[in-house]
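Please have the sequence and the coordinates open while you read. My comments are set out as numbered points.

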Amino acid sequence: MKTLVFMTLMMLGLTTQPMHSQDSHAADEAAMRESVKQLETGWNTKSGALFAKPFAEDADYVVINGNYIKGRAAIESGHQRIFDTIYKDTNLTLTVKQIRFLRADVAVVHVEGVRTGPTKEMTSNAMLTLMMTKEKQGWVIAAFQNTAVAPRG
């Protein structure tokens, strides 16, 4: 009887562990999706501060044209400049395509981006790669790569 109780408890322990892990990943994925939504909201409200908020203080950012930016402050000011000028009449739609956990506290997030504007030249597609890390304050973007997607045809 003791063996049966022990085996039952062991099985329960084994089956609840993965469910806890899945629940944890679900909460983590929701937080990462919220960070992506924050990027979209920052762009669409033309706020460099809101756009930069999900980034780590020392984040690495590769711009769609290949230029490199270092740090949240530079990401904020650089985006505010483009929001006030060349991209002031554009909107951005971001769709998370995949979240892959490399470790419990590190994930790669692939995001499809579509920028629309008042002219055909202002419309473009991109694939974004975010390296996110779980810090004391939550999930932050440690590195960001923005790659243009060539039109098909």
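The points below go from the overall fold to the sheet, then to single residues and salt bridges.

1. **Status and overall make-up.** This is a predicted model. The protein has 3 helices and 6 strands. Along the sequence they come in the pattern α-α-β-β-α-β-β-β-β.

2. **Surface and core.** The protein has 153 residues, and 32% of them are buried. About 9600 Å² is exposed. Carbon and sulfur atoms supply 59% of that area. Take the contacts in the protein with a separation of 6 or more: residues 24 or more positions apart account for 46% of them.

3. **The sheet.** In what order do the strands of the open sheet lie? The order is β2-β1-β6-β5-β4-β3, with mixed pairing. The edge strands are β2 (68-70) and β3 (91-103), and each pairs on one side only. From one strand to the next, the twist averages 15°. Helix α3 (residues 72-84) packs on this sheet and touches β1 (55-62) and β2. The direction of α3 makes about 60° with that of β1.

4. **Strands β3, β4 and β5.** Strands of a sheet pair through backbone hydrogen bonds, either parallel or antiparallel. Here β3 and β4 run antiparallel, joined by 11 bridges. Use glutamine 98 to check the register: its bridge partner in β4 is histidine 110. β3 and β4 form a hairpin, with 2 residues between them. On to the next pair. Strand β4 (residues 106-116) is joined to β5 by 10 bridges, and these two also run antiparallel. For the register here, look at valine 114, whose bridge partner in β5 is asparagine 125.

5. **Phenylalanine 101.** This residue sits in strand β3. Which residues does phenylalanine 101 touch, not counting those up to four places away in sequence? They are His25, Asp28, Glu29, Met32, Val106, Ala107 and Trp139. Histidine 25 is 76 residues away along the chain, yet the C-alpha atoms of the two are separated by 8.7 Å.

6. **Serine 35.** Helix α1 (residues 2-44) contains serine 35. Is serine 35 buried or exposed? It counts as buried because its relative accessibility is 9%, and the cut-off for buried is under 20%. Leaving out residues up to four places away in sequence, serine 35 touches Pro54, Met132 and Trp139. Trp139 is also among the residues touched by phenylalanine 101.

7. **Threonine 133.** Strand β5 (residues 124-135) holds threonine 133. Its relative accessible area is 17%, so threonine 133 is buried. The side chains of threonine 133 and glutamate 135 are joined by a polar contact of 2.7 Å. Beyond its neighbours within four places in sequence, threonine 133 is in contact with Asp105, Val106, Gly138, Trp139, Val140 and Ala142.

8. **Salt bridge from β5 to α1.** The structure holds 5 salt bridges. One of them joins the side chains of lysine 134 and aspartate 28, at 3.0 Å from N to O. Lysine 134 lies in strand β5 and aspartate 28 in helix α1, so the pair ties together parts that are 106 residues apart in sequence. Lysine 134 counts as partly exposed, at 37% relative accessibility. Aspartate 28 is buried, with a relative accessible area of 6%. Aspartate 28 is also one of the residues that phenylalanine 101 touches.

9. **Salt bridge from β1 to α3.** Glutamate 57 forms a salt bridge with arginine 72, and their closest N and O atoms are 2.8 Å apart. Glutamate 57 is in strand β1 and arginine 72 in helix α3, 15 residues apart. Glutamate 57 is exposed, with a relative accessible area of 54%. Arginine 72 is partly exposed, at 24%.

10. **Salt bridge from β1 to β2.** Aspartate 60 and lysine 70 form a salt bridge, with the closest N and O atoms 3.1 Å apart. Aspartate 60 lies in strand β1 and lysine 70 in strand β2, 10 residues apart. Aspartate 60 counts as partly exposed, at 26% relative accessibility. Lysine 70 is partly exposed too, with a relative accessible area of 44%.

Definitions and conventions. Residues numbered from 1 in each chain as written. Predicted model: local features only at pLDDT ≥ 70, side-chain atom pairs only at ≥ 80, totals over all residues. Heavy atoms only, no water. Helix = DSSP H or I, 4+ residues; strand = E, 2+ residues; numbered from the N terminus. Buried < 20%, exposed > 50% of the residue type's maximum accessible area, 1.4 Å probe, protein only. Contact = heavy atoms within 4.5 Å. Areas by Shrake-Rupley, 256 points an atom, 1.4 Å probe, with all protein chains shown as cover. Polar contact = N/O pair within 3.5 Å; in protein donor to acceptor, adjacent residues only side chain to side chain. Pairing = 2+ DSSP bridges. Axes fitted to C-alpha atoms, helices over the stretch in contact; angles between N-to-C directions. Salt bridge = Lys/Arg side-chain N within 4 Å of Asp/Glu carboxyl O.
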